[in-house]
Amino acid sequence: MVYHNLKALIKAIRACKTLADERALIQKESATIRTSFKEEDSFARHNNIAKLLYIHMLGYPAHFGQIECLKLVASPRFSDKRLGYLGIMLLLDENQEVLTLVTNSLKNDMNHSNMYAVGLALCTFANISSEEMSRDLSHEIEKLLGSSNTYIRKKAALCALRIVRRVPDLLENFVQKSKALLTDRNHGVLLSGITLITEMCEIDANCLQEFRNAVPLLVRQLKALVTTGYSPEHDVSGITDPFLQVKVLRLMRLIGKGDEKASETMNDILAQVATNTDSTKNVGNSILYETVLTILDIEADSGLRVMAINILGKFLSNRDNNIRYVALNTLNKVVSMDTNAVLRHRNIILDCLRDGDISIRRRALELSYALVNESNVRELTRELLAFLDVADNEFKLGLTTQICLAAERYAPNKRWHIDTVLRVLKLAGNYVREEMLAAFVRLVSHTPELQAYTASKLYSALQSDISQESLTLSAVWIIGEYGELLVENGLVEEEEKKAVSDADLVDLLESILNSPYANPIIRQFILTAITKISARPIASPTQRDRICEILAGYSTSPELEIQQRSVEFLSLYGQAPEIRAGVLEQMPAPEIKATVLGTVSENRTVGSTRTDIDLVDLISDAPPPANAVAGSTLQDNQSLLEGIFGSSSETAAAASPNPATSQAQTVNDILGLFGSGPSVNGASPAPSAPSYASPISTTSNPLLDLVGATSSPVAPQPQPVPAARPPATAYTAYDKNDLKVTLTPQVSAARPGVVNILAKFTSSGSEAVSNVNFQAAVPKTQQLQMLPMSNPTVAPGATETQQMRVTAPPGAQVRLRLRIGYVVAGQQFQEQVDFSGFPANLTSGGQ
């Protein structure tokens, strides 16, 4: 059956009961259309193209009608041209070879006497023009931009936009013509012209200066829109042409950025828009939001910036979640610009933490982190701890990290710092990173006046809750180190001072050891803690015997690390008291250092098995151990201890124990350290005092790793003296505006392709360089890891550093693309440089 028009075809297709029926009908109709095309009937061609376009919309092939569309375009009738151009826009794209045949038809119709025919040609050009077509018809578009017909000027401006995007080289041809569009009174032409100018300024920065002279025109147009009365033609919810207002504001933002003169011209009108726009409707909010972005991007007055931030604060009270999300997102970007202005809205930002929308809670949380400073750390930390108590699990890891970092940076005193971390451990001990735990241990170690207080608080917390892993680990570690203070002083700051005995300590630790919450790492910590307690004067003979029984029970544990510790600790009981006391004495206070997160996995909590690169490994030269899977538990524990006590390159390069070594051989080696086994030299050497300063040898003993002793009581084997490494060369990567950046590479022959780079920032002027933001990128064949900068403010004469690691194929050239942003004397700089000054053999092990 032949369907003579489109209406009949649509009716027949809708009447099909199955997909197979529809396909059969369309195949039959397509064959009929192909046959009809051969008859060269102009009326039938129009009808067939209409049906073919409907078939194309349903997803069936219709490419065979491309040439017929060109024939329709060549027809003198307007209805044929309209359908032909519609077919070309649907069936062709800029990559089709057939497109070259359309160029002549477009050129002819652009010079047509009928403005609607010209409009059809311009509309088609704006949708499908290729680079070649853009070059061929650029002159025609430029000529039509000066047309007296507003309908044609508007469409010509959009065609010029297409040309500028496809062929940026032709941009200069449209600068003068587009400038004239800014004086047009027709809103459609003005909207198209501003869109064209905005695109030109984004593509070519040289255009910015050209259009900065037109700022008074933009100000006049925006003022006319704001102050004009009711205009039914352009009114949207009581606001005159909000789309044009938004476009003008965006162009003003682009032109005023970094230019004080242009920004000064805009200040008054921006204040007028921000004051007079109705914020009760969504249309008004969109204009206000665009105004805020413009004020924050240009060199606006400080009062105007405060007004912009206040508008965002008002957005936070809006019932619409989208508006509140946008406000929080924008405040996150500008909080570093004017923190005090944002702080005025602190209460409403904290209220957003209780919002039902999870995305709003997340943005409010990020903003809360940025607001913390010395003056409000107590109040904001209290709010964050309250939120931690009710937060979803996905927030807890980031929350605990940020609270601990804020406490470390802004704590008014150490007592408050310790109380804050204790509260975090109680509320979310299963969601604390090991770096935070290491920082807490460092803090307690360096605060002897609060060690008894901390041990007392952790002991009480552990009595009430042993399900929080980080709480358990920190409490066990501190009780093991400072348990005698707890026994001597009892529970501190209780209503009634309660004594604690050595038996109470062992009872508590044994109950944790036998609980379902104990994992391998907790067991390792507890075995070490009770062994240390047994070496303290507070331990009675009864408790020492009890501890021996506990250790003996784990000497046959199927977990290799626990079994090894138990055997080693039991062997200590057969040694002289001075040897045992020396090995088990309190660990020295570790080096104080700022907590740096590095490449820590977001989903990892303390004690879980890890296979990615540890923070300590990030800045070491040691190759990963071959038995990383088999010894994951041991590696985790060592990483935690290294995070607490620092790591040198020798420490990081220490070889891991060989899992293939038999248990008997391991025990003999350990006993040999204390003289209980066969001596290497055939005679028992005199015991020597343990040393804590020597680097760990390549045959490091896990027992000595654990308690901090790094030399054995026997005479050490002579170590080969490493060859002196030549001093590393520093390469200057950037030296402008009183800021100098040098890059110092370090490589290891053991790990070809891995280059550790130390970036050093120095200020050679009299002014400090602040807000330094250093970013780097490498080619796709290489990988880059970065640690945070030591301090974003570089004082005159001072040097700040930042660590990077580049992993590249051996023999490849290390190339870096650096983006550096900073502020000097109130002037902001943002520059990008490409650096490839390292030696070509760097990734092969050369320096």
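Guide: The expected span of a helix is 1.5 Å times one less than its number of residues. This is a predicted model, in which local features need pLDDT of at least 70 and side-chain atom pairs pLDDT 80 or more, while totals for chains, interfaces and linings use all residues. Residues are numbered from 1 along each chain as its sequence is written, and side-chain values use heavy atoms, without hydrogens or water.

Visitor: How far does helix α9 reach from its first C-alpha to its last?

Guide: Helix α9 (a DSSP run of H or I, at least four residues, numbered from the N terminus) covers residues 150-166, which makes 17 residues. At 1.5 Å a residue 24 Å is expected, and close to that is the reach of α9, 25 Å.

Visitor: Which helices do the buried residues of α9 pack against?

Guide: The buried residues of α9 (under 20% relative accessible area, 1.4 Å probe, protein chains only) include Ile152, Ala156, Cys159 and Ile163. Their partners in contact (heavy atoms within 4.5 Å) are α7 (115-128), α8 (131-144), α10 (175-181) and α11 (187-203).

Visitor: Which strands are the edges of the sheet β3-β4-β5-β8-β7?

Guide: This open sheet has 5 strands (DSSP runs of E, at least two residues) with antiparallel pairing (at least two DSSP bridges). Within the sheet, β4 (739-747) and β5 (754-763) are joined by 9 bridges, and Leu743 has Ala759 in β5 as its bridge partner. Pairing on one side only marks the edge strands, β3 (731-736) and β7 (783-786).

Visitor: What is the bridge partner of Ile820 in β10?

Guide: An open antiparallel sheet of 3 strands runs in the order β6-β9-β10, with β6 (769-777) and β10 (827-835) as its edges. Strand β9 (816-824) pairs with β10 over 9 bridges, and in β10 the bridge partner of Ile820 is Glu831.

Key:
Buried < 20%, exposed > 50% of the residue type's maximum accessible area, 1.4 Å probe, protein only.
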